[in-house]
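Visitor: I would like a close look at a single part of this model, namely the enclosed spaces inside it and the residues around them. Please take me through that part step by step.

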Amino acid sequence: MAQGAGDRVAGDMEADVVIVGAGIGGGHAAFRLAGAGVSVLVLEAGPRLTRTEAVETFVKSLGKGPNAPYTPPPYAPFPTDEDPNAFYVQAGPDQFVGSYARQLGGTTWHWTGFGDRLRPADFRMRTDYGVAEDWPIAYEDLVPYYEEVEKMWGVAGDPSYDWGSPRTTPYPLPPIPPTYMDRQVDTVLARFGLSSRPFSHARNSIFYDGRPPCCGNNTCVPICPIQAKYDGSVHVLKAEALGARVEVQALATRLLLAADRTIAGVRVRRPDGSEFTARGKSYLVACHAIETPRLLLHSRGEDAPEGVANSSGAVGRYLLSQLNQDVWGLTKDPVYPYRGPQQTSGIIEWRDGPFRSERAAVGCSFMNDGWSGNTDAVDRARELAKDGVRGHAMIGTLRHEIARHLRLNSSAETLPDANNRVELAWDQPDSAGIPRPKITFRVDDYTKAGIDHAREATLKIFEALGATGVKTNTPYLSSAIICGTTRMGSDPKTSVVGPDLRTHDHPNLFIVGPSTHVTAPVNAPTLTVGANALRAADRIMADLGGK
């Protein structure tokens, strides 16, 4: 057999379907398959984490970034907030800071919680606007799956607004209401021909599916302490209850090829260095947009010299992110941030329209978490202490200032570019012995034009609010959005998977997750990941004879 597929030995595992990754994509597919009676094995590189452990780690952490509650284990490392360059090998010219976590439930432990569908135009950017590429599927193909996932999550949304994604069914839950701060920003938007609406959320507005409603802890990123915000662990555990076998601390290191170029197995390593092979009839890789190409490229061998599923050379290419810009200052009157979810409302006019022929779409959010997220009061208190301010004077100053903290964050879509990519740094292994991801990324002028437009307009909003001390930062790549690297397409010469998420090269290998996305528009990608996972699971069941 090719590439060491080998004979079965003690300790190997088998199932009809082997899934690599226990996040949104892997969990949703496992839930669908296990519910239909298919035997499923889920391999998760990281641990089975409890919410109590994560919250305790977050509280003790000096940094309060997205990965603050999650300590990378040496057997399954991932980038840290403090030093992403200790994990990523930066090839430039722009700094890539994509943040993800490896644990049961995946990266949605620290996601914002947006429950958005993509817009119809997001699937046909080339056709409608002459830029980027069209997806090989349309919005209408995903509508029934979007509806299913919204019910699985309990998406809360405003019945009067659909964020540009036409609906035939209502949101499952009532909307998360705008905050007082949202309403104050909204008072000046009409002067500029703008308006805002409350976001759709994958967080409970009422008790739903055994989880409580949001109580406004304002730490959605990096963790919801009560699990009002949905995360991928919910349906991984539901799949397990239906009979799926979930193996944590099981790092997939290599996909094995059979002589007929089907996938014959997955080599898996335990923290103690022991290994086994997981075998199935069908395989689904759902490791997000960095780990998925790492696994495929690391699986190179005599019969796959450029890596598995890579006859097109597109594995790792077309890496997508978003470009962020913050504007912040002190408002004339109190707006009372730090209440409710971190983002509850945003501007609607910059997300889609004919302008996308010339500049990027931009999502602009009113940030309820103040200037920096979770450290504003501590940071300001430290500054005041250095200036000799103490006691009641410090408390009074903090009360006055913190109530007036306002930050608007804008995120612009980037265009797919084959030169933006993930490669393996073969001479620089991580703590698990796998070559670190080498990232090449350049932000395009189209994206910069979108963020420039948003910045200038946002500054006018601050002026209208009578804000003082207004500042902006240098635009930076998003830590939250990582897409592309195994993109979907109809042409096997330029893509990795077909419209049904099956790889062009291997008939029993499927890929789900944001790595398959053709573009990274500003309506969040996660709901689309869940919808495509259900689609792929249905295709796999058809292959297995309708089990």
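Guide: In this predicted model, the lining of the second largest cavity sorts into two nonpolar, four polar and five charged residues. That cavity has a volume of about 50 Å³, and the residues that line it are Gly-115, Asp-116, Arg-117, Glu-150, Asp-162, Trp-163, Ser-165, Arg-167, Tyr-171, Ser-200 and Asn-523. It belongs to a set of three cavities of 30 Å³ or more that a search of the whole structure finds.

The largest cavity, for its part, has a volume of about 70 Å³, and its lining divides into seven nonpolar, four polar and two charged residues. The lining of the largest cavity comprises 13 residues, and those that lie nearest its centre are Cys-214, Asn-217, Asn-218, Cys-220 and Cys-224.

With cysteines in that list, the question of sulfur bonding comes next. The structure holds zero disulfides. Cys-215, to begin with, takes part in no disulfide, and the nearest cysteine sulfur, which belongs to Cys-214, is 6.1 Å away. Cys-215 counts as exposed because its relative accessibility is 54%, and the cut-off for that class is over 50%. For Cys-220, the closest cysteine sulfur is again that of Cys-214, at 6.1 Å, which is too far for a bond, because a disulfide requires the two sulfur atoms to be within 2.5 Å. Cys-220 has a relative accessible area of 8% and is therefore buried, the limit for a buried residue being under 20%.

Asn-217, also among the residues nearest the centre of the largest cavity, deserves separate attention. Asn-217 sits in the loop that runs between strand 5 (196-198) and helix 6 (233-241). Its relative accessibility is 39%, so Asn-217 counts as partly exposed, a class that falls between the buried and exposed limits. Once its neighbours within four places in sequence are set aside, Asn-217 is in contact with Pro-225 and Ile-226. As for a residue much further along the chain, the C-alpha atoms of Asn-217 and Gly-340 are separated by 6.3 Å, although the two residues are 123 residues apart in sequence.

Taken together, the surroundings of the largest cavity include the buried Cys-220 and the partly exposed Asn-217, while the sulfur of Cys-214, another residue near its centre, is the closest cysteine sulfur to that of Cys-220.

Note on methods:
Residues are numbered from 1 along each chain as its sequence is written. This is a predicted model: local features need pLDDT of at least 70, side-chain atom pairs count only at pLDDT 80 or more; totals for chains, interfaces and linings use all residues. Side-chain values use heavy atoms; hydrogens and water are left out. Buried means under 20% relative accessible area, exposed over 50%, partly exposed in between (1.4 Å probe, protein chains only). On a 1 Å grid over the protein atoms alone, a cavity is a set of points where a 1.4 Å probe fits but cannot get out, and a pocket is an open set with protein on both sides within 12 Å along at least five of seven lines; lining residues have an atom within 4 Å of a point. Grid points are joined across faces, edges and corners, and a volume is the space filled by probe spheres set on the points. Ala, Val, Leu, Ile, Met, Phe, Trp, Tyr, Cys and Pro count as nonpolar, Asp, Glu, Lys and Arg as charged, and the others, Gly among them, as polar. Helices (H or I, at least four residues) and strands (E, at least two) are DSSP runs, numbered from the N terminus. Contact means heavy atoms within 4.5 Å.
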